[in-house]
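Visitor: I'm new to reading protein structures, and I'd like to learn by asking. Could you walk me through this one?

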Amino acid sequence: MEVKATGSQSRHLPNRLGIKGWAWAGRYTIERYLYTLHRLTGLGLLLYITLHLAMNGFRLGGVESWEDLMSVFGMSGFKVGEYLVAVAFIFHALNGGRLMLQHLGYTLGKPKPPVYPYVDSMRRRRPIVWVMLALIVALAIYVLVAFVI
Amino acid sequence: MQELTLKVQRYLPGKDKKSYIQEFTIPLRQGMTVLDGLIYIKENMDNTLSFRSSCRMGICGSCGMLINNFPMLACHTPVEELGTDRIEVRSLPNFPIIRDLVADLDSLFEKHKSIKPYVVSSDTEEAEEPTAEFLQSGQELEGYVQFAYCVKCGLCMAACPTVATDALFLGPQPLGQAYRYCTDRRDAGVEERFHQADSRHGVWLCHLAGACSEACPKGVDPALAIQLLKRAMIFDSLRLRKKKKPASIAQPLAESRPKIAVPEFTVK
(Lines give C-alpha, C1' and ligand atoms only; values in the text may rest on other atoms or scores of the structure.)
Protein backbone atom coordinates (compact mmCIF):
# COMPACT_ATOMS: atom_id res chain seq x y z
CA MET A 1 0.00 0.00 0.00
CA GLU A 2 2.82 2.40 0.87
CA VAL A 3 4.21 4.39 -2.03
CA LYS A 4 7.89 3.55 -2.33
CA ALA A 5 10.31 6.44 -2.69
CA THR A 6 11.66 6.43 -6.22
CA GLY A 7 13.31 9.08 -8.38
CA SER A 8 12.53 12.57 -7.10
CA GLN A 9 10.52 11.09 -4.20
CA SER A 10 13.76 9.80 -2.67
CA ARG A 11 14.66 13.45 -2.01
CA HIS A 12 11.52 14.01 0.04
CA LEU A 13 12.06 14.62 3.73
CA PRO A 14 10.41 11.95 5.94
CA ASN A 15 7.94 13.57 8.30
CA ARG A 16 6.17 10.70 10.08
CA LEU A 17 5.56 11.43 13.76
CA GLY A 18 6.20 7.83 14.90
CA ILE A 19 5.74 6.94 18.58
CA LYS A 20 5.92 10.67 19.35
CA GLY A 21 2.57 10.88 17.59
CA TRP A 22 0.96 8.78 20.34
CA ALA A 23 2.24 10.93 23.17
CA TRP A 24 2.26 14.32 21.47
CA ALA A 25 -1.30 15.33 20.87
CA GLY A 26 -1.11 19.02 19.91
CA ARG A 27 -4.25 21.09 20.49
CA TYR A 28 -6.75 18.24 20.53
CA THR A 29 -9.53 17.64 23.02
CA ILE A 30 -10.18 15.00 25.68
CA GLU A 31 -10.67 11.81 23.60
CA ARG A 32 -7.25 12.19 22.01
CA TYR A 33 -5.66 12.27 25.48
CA LEU A 34 -7.79 9.35 26.67
CA TYR A 35 -6.32 7.40 23.72
CA THR A 36 -2.80 8.07 25.05
CA LEU A 37 -3.80 7.36 28.66
CA HIS A 38 -5.50 4.10 27.65
CA ARG A 39 -2.25 2.88 26.09
CA LEU A 40 -0.17 4.04 29.06
CA THR A 41 -2.43 2.33 31.60
CA GLY A 42 -2.50 -0.79 29.41
CA LEU A 43 1.29 -0.93 29.35
CA GLY A 44 1.40 -0.21 33.11
CA LEU A 45 -1.02 -3.07 33.84
CA LEU A 46 0.98 -5.40 31.60
CA LEU A 47 4.15 -4.50 33.51
CA TYR A 48 2.34 -5.04 36.83
CA ILE A 49 1.07 -8.50 35.79
CA THR A 50 4.56 -9.50 34.64
CA LEU A 51 6.11 -8.37 37.93
CA HIS A 52 3.28 -9.97 39.91
CA LEU A 53 3.86 -13.34 38.25
CA ALA A 54 7.63 -13.05 38.72
CA MET A 55 7.23 -12.16 42.41
CA ASN A 56 4.93 -15.12 42.96
CA GLY A 57 7.90 -17.26 41.92
CA PHE A 58 9.45 -16.43 45.32
CA ARG A 59 6.99 -18.94 46.82
CA LEU A 60 9.24 -21.62 45.41
CA GLY A 61 12.08 -20.36 47.64
CA GLY A 62 10.19 -21.27 50.79
CA VAL A 63 8.31 -19.39 53.53
CA GLU A 64 11.27 -17.29 54.62
CA SER A 65 12.08 -15.74 51.24
CA TRP A 66 8.36 -15.14 50.67
CA GLU A 67 7.92 -13.32 53.97
CA ASP A 68 11.06 -11.24 53.37
CA LEU A 69 9.56 -10.12 50.07
CA MET A 70 6.19 -9.36 51.64
CA SER A 71 7.83 -7.17 54.27
CA VAL A 72 9.29 -5.05 51.44
CA PHE A 73 5.85 -4.72 49.84
CA GLY A 74 4.40 -3.53 53.15
CA MET A 75 6.33 -0.24 52.82
CA SER A 76 4.30 2.91 52.13
CA GLY A 77 5.89 3.48 48.70
CA PHE A 78 4.57 0.15 47.46
CA LYS A 79 1.11 0.97 48.86
CA VAL A 80 1.04 4.08 46.67
CA GLY A 81 2.16 1.94 43.75
CA GLU A 82 -0.60 -0.60 44.37
CA TYR A 83 -3.14 2.21 44.56
CA LEU A 84 -1.95 3.57 41.21
CA VAL A 85 -2.33 0.08 39.72
CA ALA A 86 -5.92 -0.06 41.03
CA VAL A 87 -6.71 3.39 39.55
CA ALA A 88 -5.10 2.38 36.23
CA PHE A 89 -7.26 -0.76 36.23
CA ILE A 90 -10.45 1.24 36.92
CA PHE A 91 -9.63 3.69 34.12
CA HIS A 92 -8.64 0.98 31.63
CA ALA A 93 -11.77 -1.08 32.36
CA LEU A 94 -14.28 1.78 32.13
CA ASN A 95 -12.65 3.51 29.16
CA GLY A 96 -12.31 0.11 27.50
CA GLY A 97 -16.06 -0.41 27.96
CA ARG A 98 -16.76 2.96 26.34
CA LEU A 99 -14.41 2.13 23.47
CA MET A 100 -15.99 -1.28 22.85
CA LEU A 101 -19.43 0.31 22.57
CA GLN A 102 -18.19 3.11 20.32
CA HIS A 103 -16.09 0.79 18.16
CA LEU A 104 -19.36 -0.85 17.21
CA GLY A 105 -20.82 2.53 16.35
CA TYR A 106 -23.10 2.67 19.40
CA THR A 107 -23.54 5.88 21.46
CA LEU A 108 -22.08 7.92 18.58
CA GLY A 109 -25.35 8.85 16.91
CA LYS A 110 -26.28 8.78 13.26
CA PRO A 111 -24.59 10.58 10.35
CA LYS A 112 -25.95 14.09 9.88
CA PRO A 113 -25.53 16.46 6.96
CA PRO A 114 -22.69 18.80 8.01
CA VAL A 115 -23.97 22.26 8.92
CA TYR A 116 -21.46 24.93 9.97
CA PRO A 117 -20.22 25.19 12.73
CA TYR A 118 -19.49 21.46 12.46
CA VAL A 119 -19.88 19.30 15.54
CA ASP A 120 -18.53 15.77 15.16
CA SER A 121 -20.07 12.70 16.79
CA MET A 122 -17.42 12.56 19.54
CA ARG A 123 -18.16 16.12 20.64
CA ARG A 124 -21.93 15.58 20.38
CA ARG A 125 -21.62 12.64 22.77
CA ARG A 126 -19.02 14.26 25.07
CA PRO A 127 -21.33 13.87 28.16
CA ILE A 128 -20.65 10.10 28.01
CA VAL A 129 -16.96 10.84 28.55
CA TRP A 130 -17.66 13.21 31.45
CA VAL A 131 -19.92 10.63 33.15
CA MET A 132 -17.23 7.97 32.68
CA LEU A 133 -14.53 10.25 34.13
CA ALA A 134 -16.79 11.11 37.10
CA LEU A 135 -17.28 7.37 37.74
CA ILE A 136 -13.52 6.78 37.58
CA VAL A 137 -12.87 9.58 40.10
CA ALA A 138 -15.63 8.28 42.43
CA LEU A 139 -14.25 4.72 42.31
CA ALA A 140 -10.67 5.96 42.80
CA ILE A 141 -11.78 7.86 45.93
CA TYR A 142 -13.69 4.80 47.19
CA VAL A 143 -10.62 2.56 46.77
CA LEU A 144 -8.44 5.18 48.49
CA VAL A 145 -10.76 5.47 51.50
CA ALA A 146 -11.69 1.77 51.78
CA PHE A 147 -8.32 0.09 51.16
CA VAL A 148 -5.44 2.56 51.43
CA ILE A 149 -6.07 5.12 54.19
CA MET B 1 0.44 49.05 12.47
CA GLN B 2 0.02 45.65 14.08
CA GLU B 3 2.48 42.97 13.07
CA LEU B 4 2.30 39.22 12.74
CA THR B 5 5.23 36.84 13.14
CA LEU B 6 5.02 33.76 10.94
CA LYS B 7 7.48 30.99 11.78
CA VAL B 8 7.59 28.90 8.63
CA GLN B 9 9.12 25.46 8.14
CA ARG B 10 11.63 25.48 5.29
CA TYR B 11 13.22 22.61 3.39
CA LEU B 12 14.94 22.68 0.03
CA PRO B 13 15.58 19.19 -1.41
CA GLY B 14 19.14 18.64 -2.57
CA LYS B 15 20.42 21.45 -0.34
CA ASP B 16 19.01 20.95 3.18
CA LYS B 17 19.52 17.72 5.10
CA LYS B 18 16.76 18.59 7.54
CA SER B 19 14.09 21.24 7.81
CA TYR B 20 14.43 24.44 9.79
CA ILE B 21 12.18 27.30 10.92
CA GLN B 22 12.45 30.76 9.34
CA GLU B 23 10.74 33.78 10.92
CA PHE B 24 8.95 36.45 8.93
CA THR B 25 7.34 39.56 10.39
CA ILE B 26 4.54 40.92 8.25
CA PRO B 27 1.87 43.63 8.63
CA LEU B 28 -1.36 42.25 10.07
CA ARG B 29 -4.55 43.17 8.25
CA GLN B 30 -8.07 42.72 9.55
CA GLY B 31 -9.63 39.46 8.38
CA MET B 32 -6.27 38.08 7.29
CA THR B 33 -5.97 34.30 6.98
CA VAL B 34 -2.78 32.28 7.44
CA LEU B 35 -2.76 31.71 3.67
CA ASP B 36 -2.92 35.50 3.11
CA GLY B 37 0.17 35.77 5.31
CA LEU B 38 2.05 33.17 3.30
CA ILE B 39 1.06 34.84 0.03
CA TYR B 40 2.28 38.18 1.42
CA ILE B 41 5.67 36.61 2.22
CA LYS B 42 5.92 35.05 -1.26
CA GLU B 43 4.98 38.30 -3.03
CA ASN B 44 7.01 40.73 -0.91
CA MET B 45 9.74 38.99 1.08
CA ASP B 46 10.84 35.60 -0.24
CA ASN B 47 9.56 34.32 -3.56
CA THR B 48 11.23 30.93 -3.00
CA LEU B 49 8.71 30.02 -0.27
CA SER B 50 6.73 27.02 -1.51
CA PHE B 51 3.21 26.06 -0.47
CA ARG B 52 0.17 24.63 -2.17
CA SER B 53 -3.12 26.52 -2.50
CA SER B 54 -5.85 26.98 -5.03
CA CYS B 55 -9.43 28.00 -4.26
CA ARG B 56 -8.71 30.11 -1.13
CA MET B 57 -12.17 29.23 0.22
CA GLY B 58 -11.90 25.82 1.90
CA ILE B 59 -13.20 23.81 -1.03
CA CYS B 60 -10.20 22.36 -2.87
CA GLY B 61 -8.33 21.09 0.21
CA SER B 62 -4.90 22.08 -1.17
CA CYS B 63 -3.57 24.24 1.65
CA GLY B 64 -3.56 21.74 4.54
CA MET B 65 -0.78 22.63 6.98
CA LEU B 66 0.13 22.20 10.63
CA ILE B 67 -0.76 25.59 12.11
CA ASN B 68 0.22 26.12 15.75
CA ASN B 69 0.33 22.35 16.27
CA PHE B 70 -3.02 21.58 14.70
CA PRO B 71 -3.73 20.43 11.14
CA MET B 72 -5.82 23.09 9.40
CA LEU B 73 -6.55 24.59 5.99
CA ALA B 74 -4.50 27.80 5.81
CA CYS B 75 -7.19 29.56 3.76
CA HIS B 76 -9.84 28.66 6.31
CA THR B 77 -7.91 29.88 9.35
CA PRO B 78 -8.24 33.57 10.19
CA VAL B 79 -5.26 34.83 12.19
CA GLU B 80 -7.63 36.42 14.73
CA GLU B 81 -9.14 33.01 15.49
CA LEU B 82 -5.75 31.73 16.69
CA GLY B 83 -5.60 34.49 19.32
CA THR B 84 -1.87 35.12 18.97
CA ASP B 85 0.47 37.23 16.85
CA ARG B 86 3.06 34.43 16.60
CA ILE B 87 2.07 31.57 14.34
CA GLU B 88 4.10 28.50 13.48
CA VAL B 89 3.33 26.88 10.15
CA ARG B 90 4.70 23.44 9.32
CA SER B 91 4.16 20.91 6.59
CA LEU B 92 1.48 18.27 7.34
CA PRO B 93 2.91 15.52 9.55
CA ASN B 94 2.80 11.86 8.45
CA PHE B 95 3.47 12.89 4.83
CA PRO B 96 6.97 13.35 3.38
CA ILE B 97 7.94 16.96 2.66
CA ILE B 98 8.57 17.78 -1.00
CA ARG B 99 9.67 21.34 -0.30
CA ASP B 100 8.90 23.87 2.48
CA LEU B 101 5.16 23.46 3.22
CA VAL B 102 4.37 21.16 0.31
CA ALA B 103 3.59 17.65 1.55
CA ASP B 104 3.64 14.61 -0.73
CA LEU B 105 0.06 13.29 -0.58
CA ASP B 106 0.69 10.35 -2.97
CA SER B 107 0.21 7.76 -0.21
CA LEU B 108 -3.21 9.25 0.62
CA PHE B 109 -4.36 9.06 -2.99
CA GLU B 110 -3.01 5.50 -3.43
CA LYS B 111 -4.86 4.30 -0.32
CA HIS B 112 -7.97 6.21 -1.41
CA LYS B 113 -7.90 4.51 -4.82
CA SER B 114 -7.48 1.09 -3.20
CA ILE B 115 -10.95 1.19 -1.61
CA LYS B 116 -12.65 1.85 -4.97
CA PRO B 117 -14.01 5.32 -4.23
CA TYR B 118 -16.78 5.20 -6.81
CA VAL B 119 -20.14 3.52 -7.28
CA VAL B 120 -19.50 -0.04 -8.47
CA SER B 121 -22.54 -0.97 -10.49
CA SER B 122 -23.95 -4.51 -10.62
CA ASP B 123 -25.80 -3.63 -13.80
CA THR B 124 -22.79 -3.28 -16.12
CA GLU B 125 -24.99 -2.77 -19.17
CA GLU B 126 -26.80 0.14 -17.51
CA ALA B 127 -23.49 1.52 -16.16
CA GLU B 128 -21.93 1.57 -19.63
CA GLU B 129 -25.00 2.75 -21.54
CA PRO B 130 -27.09 4.62 -18.96
CA THR B 131 -30.73 5.10 -19.84
CA ALA B 132 -31.79 6.96 -16.68
CA GLU B 133 -30.73 7.83 -13.11
CA PHE B 134 -30.55 5.28 -10.29
CA LEU B 135 -33.18 6.14 -7.69
CA GLN B 136 -32.49 6.78 -4.01
CA SER B 137 -34.57 8.30 -1.24
CA GLY B 138 -33.70 11.37 0.81
CA GLN B 139 -33.29 9.13 3.85
CA GLU B 140 -30.76 6.96 2.02
CA LEU B 141 -28.85 10.07 0.98
CA GLU B 142 -28.71 11.26 4.61
CA GLY B 143 -26.99 7.99 5.56
CA TYR B 144 -23.84 8.94 3.66
CA VAL B 145 -24.00 12.55 2.47
CA GLN B 146 -21.94 13.75 5.44
CA PHE B 147 -19.05 11.54 4.33
CA ALA B 148 -19.36 12.63 0.71
CA TYR B 149 -18.14 16.14 1.60
CA CYS B 150 -14.51 14.92 1.88
CA VAL B 151 -12.08 17.19 -0.02
CA LYS B 152 -9.07 14.85 0.37
CA CYS B 153 -6.98 17.50 2.10
CA GLY B 154 -5.17 14.92 4.26
CA LEU B 155 -5.73 16.73 7.58
CA CYS B 156 -7.33 13.63 9.14
CA MET B 157 -4.31 11.50 8.14
CA ALA B 158 -1.99 14.09 9.68
CA ALA B 159 -4.02 14.05 12.91
CA CYS B 160 -4.30 10.25 13.24
CA PRO B 161 -1.92 8.77 15.84
CA THR B 162 -2.12 5.34 14.19
CA VAL B 163 -1.03 6.70 10.79
CA ALA B 164 1.87 8.24 12.74
CA THR B 165 3.28 4.81 13.54
CA ASP B 166 1.96 2.54 10.78
CA ALA B 167 2.70 3.72 7.26
CA LEU B 168 0.57 0.91 5.83
CA PHE B 169 -2.55 1.70 7.90
CA LEU B 170 -5.28 2.72 5.46
CA GLY B 171 -6.18 5.69 7.65
CA PRO B 172 -9.30 7.75 8.32
CA GLN B 173 -9.82 9.25 4.86
CA PRO B 174 -9.88 6.01 2.81
CA LEU B 175 -11.77 4.06 5.48
CA GLY B 176 -14.35 6.85 5.85
CA GLN B 177 -14.82 6.85 2.09
CA ALA B 178 -15.10 3.04 2.08
CA TYR B 179 -18.11 3.36 4.39
CA ARG B 180 -19.54 6.21 2.29
CA TYR B 181 -19.71 3.97 -0.81
CA CYS B 182 -20.73 0.84 1.09
CA THR B 183 -23.91 2.56 2.36
CA ASP B 184 -24.84 3.85 -1.09
CA ARG B 185 -27.72 1.73 -2.43
CA ARG B 186 -26.54 2.25 -6.01
CA ASP B 187 -23.26 0.52 -5.16
CA ALA B 188 -22.45 -3.19 -5.44
CA GLY B 189 -18.80 -3.14 -4.32
CA VAL B 190 -19.34 -3.82 -0.61
CA GLU B 191 -17.59 -7.21 -0.55
CA GLU B 192 -14.44 -5.87 -2.24
CA ARG B 193 -14.23 -2.91 0.14
CA PHE B 194 -14.85 -5.07 3.22
CA HIS B 195 -12.06 -7.37 2.05
CA GLN B 196 -9.70 -4.40 1.66
CA ALA B 197 -10.66 -2.90 5.05
CA ASP B 198 -10.42 -6.26 6.85
CA SER B 199 -6.64 -6.46 6.43
CA ARG B 200 -3.81 -6.36 8.96
CA HIS B 201 -3.43 -2.62 8.31
CA GLY B 202 -7.12 -1.98 7.90
CA VAL B 203 -10.08 -0.82 9.90
CA TRP B 204 -9.27 -2.74 13.13
CA LEU B 205 -6.20 -0.58 13.76
CA CYS B 206 -8.43 2.45 14.43
CA HIS B 207 -8.53 2.86 18.22
CA LEU B 208 -10.83 5.87 18.21
CA ALA B 209 -8.71 8.83 19.24
CA GLY B 210 -11.25 11.04 17.45
CA ALA B 211 -8.50 13.36 16.20
CA CYS B 212 -9.48 12.85 12.54
CA SER B 213 -13.01 14.13 13.09
CA GLU B 214 -11.74 17.03 15.14
CA ALA B 215 -9.31 18.08 12.43
CA CYS B 216 -11.70 17.66 9.48
CA PRO B 217 -12.43 21.14 8.03
CA LYS B 218 -15.61 19.95 6.26
CA GLY B 219 -17.44 18.24 9.15
CA VAL B 220 -17.06 14.83 7.50
CA ASP B 221 -16.53 12.95 10.79
CA PRO B 222 -14.37 10.04 9.55
CA ALA B 223 -14.22 8.56 13.08
CA LEU B 224 -17.98 7.95 12.97
CA ALA B 225 -17.78 6.45 9.47
CA ILE B 226 -15.00 4.06 10.56
CA GLN B 227 -16.92 2.82 13.61
CA LEU B 228 -20.04 2.31 11.47
CA LEU B 229 -17.89 0.43 8.96
CA LYS B 230 -16.63 -1.84 11.76
CA ARG B 231 -20.21 -2.53 12.84
CA ALA B 232 -21.28 -3.30 9.28
CA MET B 233 -18.32 -5.67 8.83
CA ILE B 234 -18.98 -7.50 12.11
CA PHE B 235 -22.69 -7.83 11.31
CA ASP B 236 -21.73 -9.04 7.84
CA SER B 237 -19.42 -11.74 9.23
CA LEU B 238 -22.24 -12.86 11.57
CA ARG B 239 -24.66 -12.79 8.61
CA LEU B 240 -26.77 -10.21 10.43
CA ARG B 241 -26.25 -7.33 8.01
CA LYS B 242 -29.26 -6.35 5.99
CA LYS B 243 -28.44 -6.67 2.31
CA LYS B 244 -29.11 -3.53 0.33
CA LYS B 245 -31.71 -3.79 -2.36
CA PRO B 246 -30.13 -2.63 -5.61
CA ALA B 247 -31.30 0.82 -6.61
CA SER B 248 -33.91 0.79 -9.32
CA ILE B 249 -33.67 2.88 -12.43
CA ALA B 250 -35.85 5.95 -12.77
CA GLN B 251 -38.91 5.58 -14.95
CA PRO B 252 -38.78 7.42 -18.26
CA LEU B 253 -40.24 10.89 -18.03
CA ALA B 254 -43.96 11.18 -18.71
CA GLU B 255 -44.78 12.59 -22.09
CA SER B 256 -44.21 16.32 -21.93
CA ARG B 257 -47.17 18.58 -22.34
CA PRO B 258 -47.21 20.99 -25.25
CA LYS B 259 -45.76 24.36 -24.35
CA ILE B 260 -48.23 27.11 -23.56
CA ALA B 261 -48.16 29.63 -26.31
CA VAL B 262 -46.63 33.00 -25.45
CA PRO B 263 -49.50 35.51 -25.15
CA GLU B 264 -49.71 38.32 -27.55
CA PHE B 265 -48.21 41.62 -26.38
CA THR B 266 -50.92 43.88 -25.03
CA VAL B 267 -48.95 46.99 -25.92
CA LYS B 268 -47.66 47.26 -29.44
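Visitor: What is the area buried between chain B and chain A, and what share of it do carbon and sulfur atoms give?

Guide: Keep in mind that this is a predicted model. The size of an interface is often given as the accessible area lost when the parts come together. Here carbon and sulfur atoms give 60% of that area. The total buried between chain B and chain A is about 4500 Å².

Visitor: Which element of chain B supplies the largest share of the side that touches chain A?

Guide: Several elements of chain B each supply at least two residues to that side, among them β3 (64-67), β4 (70-73), α3 (106-114) and α11 (222-237). One of them gives seven residues, the largest share. That one is α11(B).

Visitor: How many residues does each chain bring to the contact, and how does the side of chain B split by class?

Guide: Chain A brings 41 residues to the contact, and chain B brings 64. Sorted by class, the chain B side has 33 nonpolar, 18 polar and 13 charged residues.

Visitor: How many salt bridges and how many polar residue pairs turn up between chain B and chain A?

Guide: Let's take the salt bridges to begin with: the rule finds zero of them across this interface. Polar contacts do turn up there, counting pairs with both residues at pLDDT 80 or more. The count for those is 20 residue pairs.

Visitor: Is Thr77(B) buried or exposed, and what does its side chain reach?

Guide: Thr77(B) sits in the loop between β4 and α2 (79-82) of chain B. Its relative accessibility is 2%, and the cut-off for buried is under 20%, so Thr77(B) counts as buried. Beyond its neighbours within four places in sequence, its contacts include Met32(B), Val34(B) and Leu82(B). As for its side chain, that reaches, at 2.7 Å, the backbone oxygen of Leu73(B).

Visitor: On to the rings. What kind of aromatic pair do Phe73(A) and Phe78(A) form?

Guide: A pair of aromatic rings is described by the distance of the centres and the angle of the planes. For Phe73(A) and Phe78(A), the centres are 5.0 Å apart and the planes are at 70°. Planes over 60 degrees apart get a particular label, so this pair is edge-to-face.

Visitor: Are those two rings, Phe73(A) and Phe78(A), buried or partly exposed?

Guide: Phe73(A) has 24% relative accessibility, and Phe78(A) has 37%. The in-between class runs from 20% to 50%. So Phe73(A) counts as partly exposed, and Phe78(A) is also partly exposed.

Visitor: How many residues apart in sequence are the parts that Phe147(B) and Tyr179(B) tie together?

Guide: Their ring centres are 5.7 Å apart with planes at 75°, so this pair is edge-to-face. Phe147(B) is buried at 1% relative accessible area, and Tyr179(B) is buried at 11%. Phe147(B) lies in the loop between α5 (138-142) and α6 (155-159), while Tyr179(B) is in helix α8 (residues 172-182), so the pair ties together parts of chain B whose separation in sequence is 32 residues.

Visitor: Now for charges. Which residue meets Glu140(B) in a salt bridge?

Guide: Over all chains, a search of the whole structure finds 14 salt bridges. Glu140(B), partly exposed at 25% relative accessibility, lies in helix α5 of chain B. Its partner is in the loop between α8 and α9 (190-197), so the pair ties together parts 45 residues apart in sequence. With N to O at 2.6 Å, that partner is Arg185(B).

Visitor: Which residue forms a salt bridge with Arg180(B) and also meets Arg186(B) in one?

Guide: We want a residue in the loop between α8 and α9 of chain B, and it is buried at 0% relative accessible area. Its closest N and O distance to Arg180(B) is 3.2 Å, while the one to Arg186(B) is 2.7 Å. Its side chain also makes a polar contact with the side chain of Tyr144(B) at 3.5 Å. The residue is Asp184(B).

How values were computed: Residues numbered from 1 in each chain as written. Chains lettered and ligands numbered in written order. Heavy atoms only, no water. Contact = heavy atoms within 4.5 Å. Buried area = accessible area lost by both parts, 1.4 Å probe. Salt bridge = Lys/Arg side-chain N within 4 Å of Asp/Glu carboxyl O. Polar contact = N/O pair within 3.5 Å; in protein donor to acceptor, adjacent residues only side chain to side chain. Helix = DSSP H or I, 4+ residues; strand = E, 2+ residues; numbered from the N terminus. Nonpolar A, V, L, I, M, F, W, Y, C, P; charged D, E, K, R; others polar. Buried < 20%, exposed > 50% of the residue type's maximum accessible area, 1.4 Å probe, protein only. Phe/Tyr/Trp six-rings, centres within 6.5 Å; stacked < 30°, edge-to-face > 60°.
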